[in-house]
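Student: I have a model open and want to learn how to read its symmetry, domains and pockets. Can we take them in turn?

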Protein chains: 2
Amino acid sequence: MNVAADLSALRQYLEEEGVDGYCIDDDATDSDQRYVSGFTAPDPYQTVVTDDGVHLLVSGLEYGRASAEANADSVTRLAAYDYQELAAEHGRYGAKIRALEAFLADHGVESVAVPRSFPAGTADGLRERGLAVTVEPQGIVEGIRATKTEWEIERIATTQRANEAAMAAAEGLIAEADVDDGLLVHGGEPLTSERVTEEIEVTLLRHGCGLDETIVACGADGADPHDRGSGPLRADELIVIDIFPRDKESGYFGDMTRTFARGDPGEEARRRYEVTERAFEAALETVEAGVTGADVHDAACDVIEEAGYETLRSDPSAETGFIHSTGHGVGLDIHEEPSISPAGGELEAGHVITIEPGIYDPAVGGVRIEDLVVVTEDGYENLTEYPVALEPVAH
Amino acid sequence: MNVAADLSALRQYLEEEGVDGYCIDDDATDSDQRYVSGFTAPDPYQTVVTDDGVHLLVSGLEYGRASAEANADSVTRLAAYDYQELAAEHGRYGAKIRALEAFLADHGVESVAVPRSFPAGTADGLRERGLAVTVEPQGIVEGIRATKTEWEIERIATTQRANEAAMAAAEGLIAEADVDDGLLVHGGEPLTSERVTEEIEVTLLRHGCGLDETIVACGADGADPHDRGSGPLRADELIVIDIFPRDKESGYFGDMTRTFARGDPGEEARRRYEVTERAFEAALETVEAGVTGADVHDAACDVIEEAGYETLRSDPSAETGFIHSTGHGVGLDIHEEPSISPAGGELEAGHVITIEPGIYDPAVGGVRIEDLVVVTEDGYENLTEYPVALEPVAH
């Protein structure tokens, strides 16, 4: 199990601002809450961080599990504040505000800082009942989360191992397919995006991971970086496979993209693959503690622009070329701090980031190559152990 | 594809309150946004509902897909408001507030109502820039969502068919297991919660559904209604299986629970099963348009209390007996309106709800039986086609 999060930067902020506590009101989809509380639940629960501890307010349904599993100094259930009676009188929302007010009072909290994502309904509801609620503007918890502990890096690496198994399963299907009239065929049926996606998902499940979305996009589909792809996969075209699974137990994500082509995708596609790979390597070589995410993004843009393709740096409204950022942090969220983009700040040792340049054009298809790395003092450690090659092989 | 949502109740609210628009700022996890926009994306995007349409503000990455797929009258990308330049100057959060402000101005919106879940950071950020932001307190969109169209009911039924296939796979494993020294054994290995969960998940995947969590809980694990279960399954003990999958394409959930026992779980466990089944039937018989969720909950509590077990109605701090609500609405969220609990209001035709009483005690184990039904004018239509029986059989 993870050790309790180091919240000293948050407590320092509370002290400087003269605020009694930091409150989160969200469900399992909020990774700040999961990180701070060491707990996750399908329904909303509330966490308050004070100078003396981390305290949770949960429903009766979650009380047993929260008491056993959470990294909290105390767990209180809603019934302690007569939630059912309050709900009968004030409705569930009114009851929640009143129970939360009483819970905060029990921990000596009359003024709270909240994350930007804190529900405006809860913020305004508490304000109406006399509490001072201010939005913490820096994203302190997101900042704390950006720098991973060894334990977290191991969790992310474990997810990336599952990711590699899934990528190998997908690549194998494409490598072993027959080609019939320009279509890939497997087991007598056209090999589709959906079939490859299913293989990826089943492989991930067998490795304890889940995922909501996978991209297996062929031809023009692959030229839209967020198109998930559909229908038959074709020979002589680029196929982008982007897999971002989440370990069900730990909640930590992995992320990897490869681009394949069966047969010959043409000289221009091969040139774009080679340019993307060089941009990928140039960005990786730039990574180390002390440089900025913007520096890393610039390194990728330099290579792509020099090869004659547009980027959002050369044309902010470009719809072809390199039309996204070079990367992002990965942890309990698939997209988190730091940003490897023009807005990206200084990298620190322990940041886990993707490096994923790409070049897109519906007329040619899409190319993207992505690894997941940990920033170190003098470079990076690559958490991805998977070859980079356009031609698919069965592993 | 779904027809655009009927937002007339929302527009009536805006007109009555003299507010220009209703704004949502969230990602795919917010079902109100998905419902209103007919779109879903992994990263946050913004929707505004005005008197003349539904308008989306999305990143460049999502622009193509949003333009093609969303039920929106217009789609604008962040770059239209120089987002990258704003982000370089003000950071990503400052840039988002400014882009959203410009987007709202373009649609003539100077005052907005927002859902309770709207981010306090965005609310306060817009307020600082002179917009009037008020929280809409009734949950109007959640209310609209509670009543399903025929199209939505078909989607939910489709998910429930996948759920039945998964339940049959799980029940089959338990029915066909050998019993060795009190443990269920399958293929020479102890049959575990994890193994049954994997079978459920793979079956759901093959049916186009995903899920984050499944409950396969044996013995004392099953007495904690939210314990997911772990380790070997034992003969002569109650095994609770609760599956709530989500169709990946439509986003609509299903929900079903069955309780099984191999061998003889004992007289008290069998009595609890029989009482739970009677409470389940009594609750179902109460369901029709015009009765309240509280009435339905009372019907289940009556049976369970008469049989001598505690409920949260007889003792709000009960930790054994019937320690949760009788049910909840199901749709794009697994838990949504209406509530089948002491706080539950009037049911309407088209509400899709679970009926799921249970009786729990660590000394005996847990029993829960759950179907998913549509409320009709004179009763209900059961969306669940799966037998209720304690003894597992291979289907």
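Student: Which residue of chain A comes closest to the rotation axis?

Tutor: A120(A), with its C-alpha at 2.1 Å. Copies are superposed by least squares on C-alpha atoms of residues with pLDDT of at least 70 in both. Here a turn of 180° and a shift of 0.1 Å along the axis lay chain A on chain B with an RMSD of 0.0 Å. That is the relation of a two-fold axis.

Tutor: Two ground rules. This is a predicted model: local features need pLDDT of at least 70, side-chain atom pairs need 80 or more, and totals for chains, interfaces and linings use all residues. Residues count from 1 along each chain as written, chains are lettered from A and ligands numbered from 1 in written order, and side-chain values use heavy atoms, without hydrogens or water.

Student: What is the area buried between domain 1 of chain A and domain 2 of chain A?

Tutor: The size of an interface is often given as the accessible area lost when the parts come together. Buried area uses a 1.4 Å probe and is summed over both parts. An automatic or database assignment sets domain bounds: domain 1 (8-145) and domain 2 (147-382) in chain A. Between them about 790 Å² is buried, with 33% from carbon and sulfur atoms. In domain 1 of chain A, R34(A), E142(A) and R145(A) lose the most area to domain 2 of chain A, together 62% of what that side buries.

Student: How many residues are in contact there?

Tutor: Contact means heavy atoms within 4.5 Å. 7 residues of domain 1 of chain A touch 13 residues of domain 2 of chain A.

How values were computed. Buried area is the accessible area (1.4 Å probe) that two parts lose on being put together, summed over both.
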